[in-house]
Amino acid sequence: MTGYEDRFWQSRDGLKLHFRDYAAPEGAAGVPVVCLPGLTRNARDFERLAPRLAQERRVICPDMRGRGDSEYARDSQSYNPVQYGEDLLALLEQEGIERFAAIGTSLGGLMLMGLALMIPERLAAAVINDVGPYLEPEGMERIKDYVGQGRSFPTWVHAARGIEGALGHAYPGRTLDFWIGLAKRLMMLSGNGRMVFDYDMKIAEPFNAYDVDTQPDLWPAWEALGGDNRPVLVLRGELSDLLSAATLDKMLRRQPGAEAVTVPAVGHAPTLDEPEAVEAITALLARVA
């Protein structure tokens, strides 16, 4: 996929971090969009959505520390949402971005809620993809079962089948082409010729220490996200085991101005190239100057 420039920024603790920069067309007036990936994901997670959005505005897709082409952290305990937020602020400062819209998948959505508390005046619109202030323990335990396992595969087809075995429940009935495409978003060709996951396995250390039964109260962050009449969209996979329908209903009751779209026949998380997701995201951004 073309149409972007590979660029870098530096975290305040000295890591060289990577982002894809999709330039806006000449004369485009829309605010930039920052796309924040999930726990084990990277900038490639938005490689289908970003070019569509970049027809009208600049789109930035960062690799958070320890993912993709960004450097791995020296201290695994820095793999946490607060540090990711600080890294993102350094990127915004480098690029001179004062006001922006953001799309956050899973962990990226939690980061986005944190930004609503940190820099609410700079956030023009928000899309939260399959995550909420309360995380279903079943989904959290499932993620703990696979993150940081470090499996490798001899070919892309083997990698695709391995990912299908782990995530088939979330994307039922998909073709081999779908799974190969997903494998190439999640994995890379290593120096020994095998396909490996494209993240630092140490991101599992602080994540696995998280107690799913004593979750922090994130409802104030969710409510802050909708402040100042900010457009907010929540996408939920119909089959999601992380964001329940009951939690989504509570989110909408506590923030009546938010919109919600359920993406059919998808679990955690929608890939954001589903027609329902693309239509909802583009409609939301059209409302933001």
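Three bridges tie β8 to strand β9 (residues 195-197), and the two run antiparallel. That is a handy place to start a tour of this structure, which is a predicted model.

## The three-stranded sheet

Within the pairing of β8 and β9, methionine 188 stands opposite valine 196 of β9. A third strand joins them: the open sheet has the order β7-β9-β8, with antiparallel pairing. β7 (152-153) and β8 (187-189) sit at the edges with a single partner strand each, so one side of each has no neighbour in the sheet.

A helix accompanies this sheet. Helix α5 (residues 156-167) lies across β7, β8 and β9, and it runs at about 160° to β8.

## Where two helices meet

How do the axes of α5 and helix α6 (residues 176-186) cross? They come within 8 Å of each other, at a crossing angle of roughly 95°. Angles of 65 to 115 degrees count as roughly perpendicular, and α5 and α6 are therefore roughly perpendicular to each other.

If you would like to find this contact in the viewer, look on the α5 side for Trp156, Val157, Ala159, Ala160, Arg161, Ile163, Glu164 and Leu167. On the α6 side, the contact is made by Leu176, Trp179, Ile180, Leu182, Ala183, Lys184 and Leu186. By residue class, the contact of α5 with α6 divides into twelve nonpolar and three charged residues, with no polar ones.

## The eight-stranded sheet

Now to the other sheet. Eight strands make up an open sheet in the order β1-β2-β4-β3-β5-β6-β10-β11, and their pairing is mixed. Which strands stand at its edges? They are β1 (5-10) and β11, and each has a single partner strand, so one side of each is left without a neighbour in the sheet. On average, neighbouring strands here are turned by 20° against each other, direction ignored.

Helix α2 packs on this sheet, where it touches β1, β2, β3, β4 and β5, and its direction makes about 115° with that of β1. Helix α3 lies across β3, β5 and β6 and runs at about 140° to β5.

Strand β4 is a good one to look at closely, with β2 on one side and β3 on the other in the strand order. Strand β2 (residues 16-22) is joined to β4 by four bridges in the antiparallel sense, whereas strand β3 (residues 33-36) is joined to β4 by two bridges in the parallel sense. Further along, strand β6 (residues 123-129) and strand β10 (residues 232-237) pair in parallel over four bridges.

Here are some of the strand pairs, each with a bridge partner to look for:

| Strand pair | Sense | Bridges | Residue and its partner |
|---|---|---|---|
| β2 and β4 | antiparallel | four | aspartate 21 and isoleucine 60 |
| β3 and β4 | parallel | two | valine 33 and valine 59 |
| β6 and β10 | parallel | four | isoleucine 128 and valine 234 |

The side chains of β4 (residues 59-62) are worth a look too. Val59 and Cys61 point one way from the strand, Ile60 and Pro62 point the other way, and all are buried.

## A residue of helix α2

Glutamine 83 lies in helix α2 (residues 81-95). Is glutamine 83 buried or exposed? Its relative accessibility is 17%, and buried means under 20%, so glutamine 83 counts as buried. Leaving aside neighbours within four places in sequence, glutamine 83 is in contact with Arg65 and Ser78.

## Backbone details in the loops

Serine 106 has a positive phi of about 55°, although it is not a glycine. Serine 106 is found in the loop between β5 (100-105) and α3 (107-118). With a relative accessible area of 11%, serine 106 is buried.

Alanine 265 is another residue other than glycine with a positive phi, in this case near 60°. Alanine 265 belongs to the loop between β11 and α10, and at 35% relative accessibility it counts as partly exposed.

Which peptide bond is cis? The bond from histidine 268 to alanine 269 is, with omega near 5°. Alanine 269 has its place in the loop between β11 (259-263) and α10 (275-286).

Notes. Residues are numbered from 1 along each chain as its sequence is written. This is a predicted model: local features need pLDDT of at least 70, side-chain atom pairs count only at pLDDT 80 or more; totals for chains, interfaces and linings use all residues. Side-chain values use heavy atoms; hydrogens and water are left out. Buried means under 20% relative accessible area, exposed over 50%, partly exposed in between (1.4 Å probe, protein chains only). Two strands pair if DSSP finds at least two bridges between them. Contact means heavy atoms within 4.5 Å. Axes are lines fitted to C-alpha atoms, for helices over the stretch in contact, and angles run from 0 to 180 degrees between N-to-C directions. Angles under 35 degrees count as roughly parallel, over 145 as roughly antiparallel, 65 to 115 as roughly perpendicular and the rest as oblique. Ala, Val, Leu, Ile, Met, Phe, Trp, Tyr, Cys and Pro count as nonpolar, Asp, Glu, Lys and Arg as charged, and the others, Gly among them, as polar.
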